[in-house]
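Let us walk through this structure in two stops. We begin at a loop and end at a helix.

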Amino acid sequence: MKFQGTQNYVATDDLMLAVNAASMLKRPLLIKGEPGTGKTMLAEEVAQALDMPLMQWHIKSTTKAQQGLYEYDAVSRLRDSQIAGAENSEKVKDVQNYILKGVLWQAFTAPKPVVLLIDEIDKADIEFPNDLLREIDRMEFYVYETRELIRAVHRPLVFITSNNEKELPDAFLRRCFFHYIKFPDADTMKAIVGVHFPALKKNLLGAALKSFYDVRNLPGLKKKPSTSELLDWLKLLVAEDISADVLQSKDDKVVVPPLLGALLKNEQDVSLFEKLVFMQKHNR
């Protein structure tokens, strides 16, 4: 089956092509893009569209590759052996009782193909991707404690997201199909907003998008507002019943929009934007 987008996710043609290409090549799809551009949501929507279970592995700075495979709980086994009675002795002898299956193990042994999301891989240390090379490539790994080889029953459809905080190793990149989600243009953004706010008035939508792109396109911003922040801002505008007139000036100059804190998230960016509006008002 091919992914063709969903009612809840506006996928551009090049993004749908990337998903289907990765599926055909049987390679992980490495998705990069600004935070808030829907990288994580893509895996969720593909799983729903293709009627496949979704398994997620959210990476932190302390995450190790081994945790995705399995962990051997030697501490619990030692504790059980020290306090083991007749009823627990058999449990202690069987090492499998102390093997904790990771997300990759679960995905490999699932009874039907699954969508596997490895989210924000660039948060982990630089060795993390290298430690997964063999497992991602060959879809197998060895459990030394039980002396068994775990092979994928069905190859999962793997999505790997990155916010580009760290460069990923070339050997890892070679095993992936890559796609960069560009920030949506105005027409695509209208379609995205239409999914979340189908009843939004056209004049308010037009004024809000103009104001949003005025803020986003300001040179020198430390953090540009994302799609998710736009949706949060629109939700607030609707809740507060703010009219389109408040978002625009008669002379078509940039104005400070209400609830600006939903879009700009640090004082330097707010100050920079306010200076721009002040200079425009005084024709400087």
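Start with Tyr 144, which sits in the loop that links β6 (140-143) to β7 (148-151). Keep in mind that the model is predicted. Is Tyr 144 buried or exposed? Its relative accessibility is 63%, so Tyr 144 counts as exposed, the cut-off for that being over 50%. Tyr 144 also belongs to a nonpolar patch on the surface. Its partners there are Tyr 142 and Leu 149. Together the three residues have about 330 Å² of accessible area.

Now stay in the loop between β6 and β7 and find Thr 146. Thr 146 counts as buried, because its relative accessibility is 18% and buried means under 20%. What does Thr 146 contact, leaving aside its neighbours within four places in sequence? The residues are Val 95, Gln 96 and Ile 99. There is a polar contact as well: the side chain of Thr 146 meets the side chain of Glu 148 at 2.8 Å.

Next, move along the chain to helix α10, residues 186-196. Four of its residues are buried: Thr 188, Met 189, Ile 192 and Val 193. Where do they lie around the axis? They span an arc of only 135°, so they are on the same side of α10. The spacing of a helix helps here. With 3.6 residues a turn, an α-helix has residues three or four places apart pointing the same way. And what covers the buried residues of α10? The cover includes two other helices, α11 (202-216) and α12 (227-239).

Methods. Residues numbered from 1 in each chain as written. Predicted model: local features only at pLDDT ≥ 70, side-chain atom pairs only at ≥ 80, totals over all residues. Heavy atoms only, no water. Patch = residues over 30% accessible without salt bridge, like charges linked within 9 Å, V, L, I, M, F, W, Y side chains within 5 Å. Areas by Shrake-Rupley, 256 points an atom, 1.4 Å probe, with all protein chains shown as cover. Salt bridge = Lys/Arg side-chain N within 4 Å of Asp/Glu carboxyl O. Buried < 20%, exposed > 50% of the residue type's maximum accessible area, 1.4 Å probe, protein only. Arc of directions from axis to C-beta. Contact = heavy atoms within 4.5 Å. Polar contact = N/O pair within 3.5 Å; in protein donor to acceptor, adjacent residues only side chain to side chain.
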